[in-house]
Amino acid sequence: MRRIVHGLLPEWQVFTRDRNGQAKHFIVSRRVQALGLVGAIGLAFWAGASTTLLSQRPTELAEKERWLDEMLATNRAAQSRLLEAEKLVGDIAREVDTVHANLQTLAESSDVLARERAVRVTPRTAAATETEDLTNENDESRRTRMRVRELEASLARLQLAYSKAVQQVADSAGARISETENRLSRLGLDPMRLFADSKRLPGQGGPFIPLRGSADSDGSMGTMITKVQHWIGVKATLQRLPLAEPIHGIYEFNSGFGARNDPLNNRTGIHEGIDLGAPSGTPIYATGDGVIAETGVKARYGLTVDIDHGNGIETRYAHMSRIKVQPGQKVTRATIIGLVGSTGRSTGPHLHYEVRLNNVPRDPLKFISAGRDAAKTY
């Protein structure tokens, strides 16, 4: 092996001449040549790996964009179906009222005709005239009865379609509520506690005007309205929960929740949040509606913002380069609360993001994943 190495890497003597004309030389040893060769191989490997990763990056971005487009399309389709169902229920209810009114009008007309025929005492001078009048009255009465039967059949069909549409809307709202409750339970949250406010009646009033006709004779309309109102309250509650992503643009997932090797001392420790890498100055958004609980510099966290989302749920955003909110300020998911930085105990620009329930750390990725699933339910 030594002979082969000596043959492949002979020592080099390099001669040079300085300005005064004196000759100098130095030796390039086999060890230096081997180190240079290893370095060249490592550089080539690094360049190849970087090129491969960069070539895969557009594919990942395309997949993310495609996933986002599918999620938005599903969201729009679900909203469209709900609006169509609600419009159908309203149209059917109006048609039922119209048919019922027509039935009442025809019934009143029939009663008037019957009374006129009963009290008619004008003598007829000709038997043919009396027979003709009686025939005309019988034909008119028969047509009235046929029209009444047709309207009654139409009313029955409309009531059946109305009941099906109302039941469909109620079932859809109920299914979405149940599915949302299951997702929140998997996050360790109590849906009954979270949705308690959505079931409470806010300040309401005004005179009671009963629904005309028999559109809600079985109480199905009331059940549907209750479930739809509950679902609206559930969506409002979901808007307050930290289910969105704190960075809306492109970012890298640098570190997860739980046990990890510390990036500064390489000792095993507990990471109570997630680290999302992004260029310094990237906007950071609130992940749910809430109130700014605290801002400022925290030991190890650097520039930090804490948000209170209610029901014992809080989020923390750390290592910022700049804070853009004040304590007590109300924020939504569209509010920029700060910019990505590297303040505090940090090795580079990134966002340290935490979710806490009753001051107990929870995995933020589970909340973000639940938010993506909830968006498809809308």
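Let me start with one residue, Pro-279, which is exposed, at a relative accessible area of 57%. Pro-279 sits in the loop between S6 and strand S7, the latter covering 283-285. Setting aside residues up to four places away in sequence, Pro-279 touches Val-340 and Pro-349. Pro-349 is 70 residues from Pro-279 in sequence, and the two are 6.1 Å apart in space, C-alpha to C-alpha. Please keep in mind throughout that this is a predicted model.

Now the overall picture. The protein has 378 residues, of which 31% count as buried. Its secondary structure consists of 7 helices and 14 strands. If you take contacts between residues at least 6 apart in sequence, 65% of them join residues at least 24 apart. The protein exposes about 23,900 Å², and carbon and sulfur atoms supply 55% of that.

Next, the core. Which residues of the largest nonpolar core touch the most other members? They are Leu-189, Val-305, Ile-307, Tyr-317 and Ile-337, in a core of 32 residues. The elements that give this core two or more residues include helices H3 (127-186), H6 (220-240) and H7 (364-377). On the strand side, S6 (274-277), S9, S10, S12 (336-340) and S13 also give two or more. S13 provides the largest share of this core, 4 residues.

On to the open spaces, beginning with the second largest pocket. The space in this pocket comes to about 550 Å³. It is lined by 26 residues, and those closest to its centre are Arg-260, Asp-262, His-271, Arg-345 and His-352. Four strands give two or more residues to the lining: S3 (252-255), S4 (258-261), S5 (268-271) and S13 (350-357). S5 contributes the largest share, 4 residues. By class, the lining of this pocket has 13 polar, 8 charged and 5 nonpolar residues.

One residue in strand S3 is Asn-254. Is Asn-254 buried, partly exposed or exposed? It counts as partly exposed, because its relative accessibility is 45%, and the partly exposed class runs between the 20% and 50% limits. Leaving out neighbours within four places in sequence, Asn-254 is in contact with Asp-275, Leu-276, Gly-277 and His-350. The C-alpha atom of Asn-254 is separated by 9.8 Å from that of His-352, with their positions 98 residues apart along the chain. His-352 also came up a moment ago, as one of the residues closest to the centre of the second largest pocket.

Then the enclosed spaces. A search of the whole structure finds 2 cavities of 30 Å³ or more. The second largest cavity has a volume of about 30 Å³. Its lining is made up of Asp-306, Glu-314, Thr-315, Arg-316, Glu-354 and Arg-356. S10 and S13 are the elements that give two or more residues to this lining, and the largest share, 3 residues, comes from S10. What classes of residue line the second largest cavity? There are 5 charged residues, 1 polar residue and no nonpolar ones.

Two backbone details deserve a look. Arg-300 has a positive phi, about 75 degrees, although it is not a glycine. Arg-300 is in the loop between strand S8 (290-298) and strand S9 (302-310). With a relative accessible area of 62%, Arg-300 is exposed. His-319 is another residue other than glycine with a positive phi, near 65 degrees. His-319 is placed in strand S10, residues 313-323. With a relative accessible area of 5%, His-319 is buried.

One last residue, Met-192. Met-192 lies in helix H4, which covers residues 191-194. Where does Met-192 stand, buried or exposed? Met-192 is exposed, because its relative accessible area is 54% and exposed means over 50%. Glu-181 is 11 residues from Met-192 along the chain, and their C-alpha atoms are separated by 8.3 Å.

To recap: S13 gives the largest share of the largest nonpolar core, and S13 is also among the strands that give two or more residues to the lining of the second largest pocket. S10 and S13 both give two or more residues to the lining of the second largest cavity. That is the end of my part.

Notes: Residues are numbered from 1 along each chain as its sequence is written. This is a predicted model: local features need pLDDT of at least 70, side-chain atom pairs count only at pLDDT 80 or more; totals for chains, interfaces and linings use all residues. Side-chain values use heavy atoms; hydrogens and water are left out. Buried means under 20% relative accessible area, exposed over 50%, partly exposed in between (1.4 Å probe, protein chains only). Contact means heavy atoms within 4.5 Å. Accessible areas come from the Shrake-Rupley method with a 1.4 Å probe; for residues, only the protein chains shown count as cover. On a 1 Å grid over the protein atoms alone, a cavity is a set of points where a 1.4 Å probe fits but cannot get out, and a pocket is an open set with protein on both sides within 12 Å along at least five of seven lines; lining residues have an atom within 4 Å of a point. Grid points are joined across faces, edges and corners, and a volume is the space filled by probe spheres set on the points. Ala, Val, Leu, Ile, Met, Phe, Trp, Tyr, Cys and Pro count as nonpolar, Asp, Glu, Lys and Arg as charged, and the others, Gly among them, as polar. A nonpolar core is a set of buried Ala, Val, Leu, Ile, Met, Phe, Trp, Tyr and Cys residues joined through side-chain atoms within 4.5 Å.
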